[in-house]
Structures are given as C-alpha cells and as structure tokens.
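Biologist: I'd like to learn how to read a few features off a model like this one. Could you take me through it?

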Amino acid sequence: MLAYIIGVVLFALGICISVALHEAGHMVTAKAFGMKVRRYFIGFGPTIFSFKRGETEYGLKWIPLGGFCDIAGMTALDEVTPEEAPRAMWRFKTWKRTVVMSAGSITHFILGFVVLYLMAITMGLPNIAAASEPLPPVISSTSCARPATTTAQLNDLSCPPGAPTPAKTAGIMAGDKIVAVAGKPTPSWTDVLQVVQNANGPTAITVQRGNQTLNLQVNIPRVQRLGSDGTVREVGMMGASTVIPPAYLHYNGITGIPATFAFTGDMFAQTAERLVQFPERIPGVVNAIFGGERDPNGPVSVVGASRIGGEAVERGVWEIFFFLLASLNFFIGVFNLLPLLPLDGGHIAVVWYEKVRDWLRGLRGKAAGGPVDYTKLSAITMVLVVIGGGITLLTVTADIVNPIRLQ
C-alpha cells in the first residue's frame, strides 16, 4: 500500500513539474523576445510565498493543479500600464507571438522525449514491432506435454519424470520453422497453436530446417490446461515453444537518440489517433460510471493516470510509470495546440487569422484591420470551457468509481 501511495504522489508530482515547465516555456521565450512578464506562479489559490526578481514576481500557491505566466498585453483587450504598452505581447510580430504561445506544448514534447530517451538507455523502450507483428512459427526449445490447471503450474516450466515429449521425440529441434500442421499452412505461431490444440494423437508436422523440408509425425496427447479466461479445458500439446522477442529494446547513449526519435514519432501518431477517437469514447466513460465495463483505452483523467502510476510502482513496473508520464506529456502538448480557445492553439489561430486577414486586405489596398476583439469570441470560449469542464468531471468520476487498472 505504501508503494502505491508513493507511486501516486510521484506521478502527480511529475505532472505538476510538467505543467510548471509548460508555463516556464512561455515565460522564457517571452522574456527572450523582450515582452513584459509580470508574474510566474506554480499552482492556484492563496499564495504560500512569492518574491520579485527584476520585473517579474515568482511564487508558489496552495493548490498544485497547474500554474500561470502573466504576460502583459497577451491580447489587445488586456489592460496595460503606459510603461508596459510598448512591450505588450500583442504588439510583437506574429512569428514571435506564435513561438511564445507554442512554447508550452514544445516543452511537453521535450519532456516526453527526455523521459523516453532515459528509458531507452536504462530500462529500454517498448518493442512496438514485436507487439504488432505475429510471432514467427520458429521453435526456440522443446519440453514436455504436462497438465497445468493452476497459475503456479503454468509458471512451473520443469518437466516431471515420465512426462511425454512429443516434439522432441519426433525429432523437432530448436531453430526449426513449422510450415504446416496436419496439412494446414501455419504462417504464425498462433496458427500452429490453433491446429495443435485441436489435435489428438499422431499428427503430421512439416518443418523447415536450413535448406531441408522435413515431414515429421508427432504423437500429440490431450492434457488439462488453464486458459487465459480462467477455465480449464483439454487441449492438444506437443511440448515446444517459439522465440519470444524481448518486450523492451535497450540502447546506448548514441543509438538511443534515433531510436527515441522513431518511438516518439509512433507515439505522436497514436496521440493523434486517440484525439480523433476521443468524442466517440465519451459514452463509454458515462457507461463505466454506472457500472459498465471500463475501456482500458478510453479517456483517463490526471486522477486515473496517477492511480495507474501508483499501481505500476506498487508492482515494480517502472517502465509503465515512465511510459505513461511521457504519453501524458505528448497528449497534453498536442491537445493544447488544438485551435480552440482558451487553449494556446486557439490564441495561435487568432494571431494567424489576423495575419492572413491583413495580408488579404493589403492585396485590396486596405489598411490592417487591427487586433481581433476577443469579446466577440467569449460565447464560444465559454461553451468550450463548459464542455471541457464536463468531460473532466466525467473522467475524474469514472476514475474514482470505476478506475482503469493494470492487467
């Protein structure tokens, strides 16, 4: 239990640090371009402490659920003092404002990449290719055919005296590739298992050994085995296993860089796919709140992610902890760039709308149109805020009453 609590706290702390660095990304780039940064605070609510260095006030607040960076004149409607006016953000070039507003998401991408790189050179990165491709029907070793009706017996790989060894007795060796069982082609290990488990007695198995093709006769017995669904059933077993690729691939400091870039690309693709599927998964969250089965690939809140992180630490599976932390950073980074107010992506969309609009006006010999009036967008913004708040409430509720758990 203590390990679980530590895991939850560590994951929540990791999220808080990510959000704090997100705001720091805005602050650093704004200062670099000469914009006036009034305040940089971590958290919300009452102030614990603050101090002023230069023209910026830095501080920590009691509620560690985010933070903020107060840049003078982020929009033309923001009040600024006469001293701040020349350095108001809305007065700067479009590309500079874009850099500042996207710096938060870029920070999340960098954090996610760093976490994955550290995984690559220490505990390894998940072997995506092995997970997505079927296992090859190549024999890694031969053993015996024995019953196993409990989890303990399944995990015990020893062979009791007198247990039949069908594959070994028939002449099957490590390195052999099974190309057919009982006359049926077997392009994958799953295909081999499907035919073998339905077999009973002498069965023709064709193997490829180097340049040779051998037709062997294997006497397959029926044994009692515990299935993945928890039920015991009688299946055919030949006493052989296939080559299992490693779940994680390890790299050194140099090879880890391109491997992390490639893995990051895969994660970006998965993140984009999940964002597209996000709306259609919301009904499943509602159903889970009222006792339905929770989709392990469905939306999860910070609460749910922290709980999964706690379970990962409790079980000692730190790979899942860090992988989840990197995934969350990528998701937040991509989500924050959606062209919707009040997200950073919404502000970027407004900035570029002004740019394109003024360019088109210039082609017609007209003067620039001036900054966009954000008050006209307030209704849309409030609708999106309400929708976002509702989704957050749903996912948090589901993560409390029916959380996603590690398998």
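**Surface, sheet and a buried histidine**

Modeller: Sure, and keep in mind that this is a predicted model. Let's begin with Leu 21, which is partly exposed at a relative accessible area of 34%. That residue sits in helix 1.

Biologist: How do I read that 34% for Leu 21?

Modeller: Under 20% counts as buried and over 50% as exposed. Leu 21, at 34%, falls in between, so we call Leu 21 partly exposed.

Biologist: Which residues make the nonpolar surface patch with Leu 21?

Modeller: Leu 2, Ile 6, Leu 10, Leu 13, Ile 17 and Trp 318 join Leu 21 there, and the patch covers about 610 Å². Helix 1, residues 2–33, gives the largest share, with six residues.

Biologist: On to the sheet. How do strands pair in general?

Modeller: Strands of a sheet pair through backbone hydrogen bonds, in a parallel or an antiparallel way. Here, an open sheet of four strands has the order 6-5-7-8, and the pairing is antiparallel.

Biologist: Which strands stand at the edges?

Modeller: Strand 6 (184–185) and strand 8 (212–220) do. Each has a single partner strand, so one side of each has no neighbour in the sheet.

Biologist: How many bridges join strand 7 to strand 8?

Modeller: Nine, with strand 7 covering residues 201–209. One pair to look up is Gln 208, whose bridge partner in strand 8 is Thr 213. Strand 5 and strand 7 pair over four bridges, and Ile 178 stands opposite Val 207 in strand 7.

Biologist: And what joins strand 5 to strand 6?

Modeller: Two bridges, again antiparallel. Ala 180 stands opposite Pro 185 in strand 6. Look at the hairpin of these strands too: two residues lie between them, and Ala 182 takes a positive phi near 55°.

Biologist: Which helix lies across strand 5?

Modeller: Helix 6, residues 189–197, lies across strand 5 (177–181), strand 6 and strand 8. Helix 6 runs at about 45° to strand 5.

Biologist: Last one: is His 108 buried or exposed?

Modeller: Use the cut-off again: under 20% relative accessible area means buried. His 108 has 2%, so His 108 is buried. You'll find His 108 in helix 2, residues 94–121.

Biologist: What is His 108 in contact with, leaving aside its neighbours within four places in sequence?

Modeller: Ser 18, Val 19 and His 22 are contacts of His 108, and so are Asn 329, Ile 332 and Gly 333.

Methods: Residues numbered from 1 in each chain as written. Predicted model: local features only at pLDDT ≥ 70, side-chain atom pairs only at ≥ 80, totals over all residues. Heavy atoms only, no water. Buried < 20%, exposed > 50% of the residue type's maximum accessible area, 1.4 Å probe, protein only. Contact = heavy atoms within 4.5 Å. Pairing = 2+ DSSP bridges. Axes fitted to C-alpha atoms, helices over the stretch in contact; angles between N-to-C directions. Patch = residues over 30% accessible without salt bridge, like charges linked within 9 Å, V, L, I, M, F, W, Y side chains within 5 Å. Areas by Shrake-Rupley, 256 points an atom, 1.4 Å probe, with all protein chains shown as cover. Salt bridge = Lys/Arg side-chain N within 4 Å of Asp/Glu carboxyl O.
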